[in-house]
Amino acid sequence: QVQLVESGGGLVQPGGSLRLSCAASGSIFTIYVMDWYRQAPGKQRELVAAAITRGGSTTYYEDSVKGRFTISRDYAKNTVYLQMNSLKPEDTAVYYCHANIVNRSGGQGNDYWGQGTQVTVSS
């Protein structure tokens with residue numbers, strides 16, 4: 001099995017920064033995608049940023065976080081980070097790490113989710 005363990009959430013003031021981490025462990029052959037979603041109370045879960053490896057390497061950012069958030073990966077440690085700068089109150093949400101992982105050679109990708117970490121931006 002695979003587990004994703006998140007860390008780095010907390011309470012910050014507007015304009016502050018946080019760095020989220022998500023480490024994957026278990027049966028991992030290759031990771032196609034590692035990305036971050038967030039969900040605020042009463043709102044739909046939305047994709048924030050993605051790091052896609054299959055077929056090359058590319059990143060995606062939701063429009064509202066472009067220029068403020070940066071997603072990065074440590075491939076050796078199966079870890080993804082989300083550096084969040086210039087945080088705004090509207091960034092307040094539970095942030096969830098997600099990964100699509102091939103468990104063994106010849107297998108297909110499977111989806112895994114972290115436990116979520118609370119990010120609160122408030123004065």
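## A charge over two rings

A charge sits over a ring if NZ of Lys or CZ of Arg is within 6 Å of the ring centre and within 35 degrees of the ring normal. In this predicted model, Arg-45 meets that rule with Tyr-96: its charged end sits over the ring, 3.9 Å from the centre. Arg-45 also has its charged end over the ring of Trp-113, and there the distance to the ring centre is 5.0 Å.

As for rings paired with rings, the count comes to one aromatic pair.

## The disulfide

There's one disulfide to look at, and it joins Cys-22 to Cys-97, with the sulfur atoms 2.0 Å apart. Cys-22 belongs to strand E3 (residues 18–26) and Cys-97 to strand E9 (residues 93–102), so the link ties together parts that are 75 residues apart in sequence. A disulfide, after all, is a covalent bond between the sulfur atoms of two cysteines.

What is the handedness of the link between Cys-22 and Cys-97? It's left-handed, with -80 degrees about the S-S bond. Are the two cysteines buried or exposed? Cys-22 is buried, at a relative accessible area of 0%, and Cys-97 is buried as well, with a value of 0%.

## The nonpolar core

The largest nonpolar core has 30 residues, and the members touching the most others are Leu-4, Trp-36, Leu-82, Met-84 and Tyr-95. Quite a few strands chip in with two or more residues: E1 (2–7), E3, E4 (30–39), E5 (46–52), E7 (69–74), E8 (79–84), E9 and E11 (117–121). Which of them gives the most? That's E9, with five residues.

## The four-strand sheet

Now for the sheet. Four strands make up an open sheet in the order E1-E3-E8-E7, and the pairing is antiparallel. E1 and E7 stand at the edges with a single partner strand each, so one side of either strand has no neighbour in the sheet. On average, neighbouring strands here are turned by 15 degrees against each other, ignoring direction.

In general, strands of a sheet pair through backbone hydrogen bonds, either parallel or antiparallel. Zooming in on one edge, E7 and E8 pair in the antiparallel sense over six bridges. For a spot to click on, take Ser-72: its bridge partner is Tyr-81, in E8.

Key. Residues are numbered from 1 along each chain as its sequence is written. This is a predicted model: local features need pLDDT of at least 70, side-chain atom pairs count only at pLDDT 80 or more; totals for chains, interfaces and linings use all residues. Side-chain values use heavy atoms; hydrogens and water are left out. Rings of Phe, Tyr and Trp (its six-membered ring) pair if their centres lie within 6.5 Å; planes under 30 degrees apart count as stacked, over 60 as edge-to-face and the rest as tilted. A disulfide is a pair of cysteine sulfur atoms within 2.5 Å. Buried means under 20% relative accessible area, exposed over 50%, partly exposed in between (1.4 Å probe, protein chains only). A nonpolar core is a set of buried Ala, Val, Leu, Ile, Met, Phe, Trp, Tyr and Cys residues joined through side-chain atoms within 4.5 Å. Two strands pair if DSSP finds at least two bridges between them. Axes are lines fitted to C-alpha atoms, for helices over the stretch in contact, and angles run from 0 to 180 degrees between N-to-C directions.
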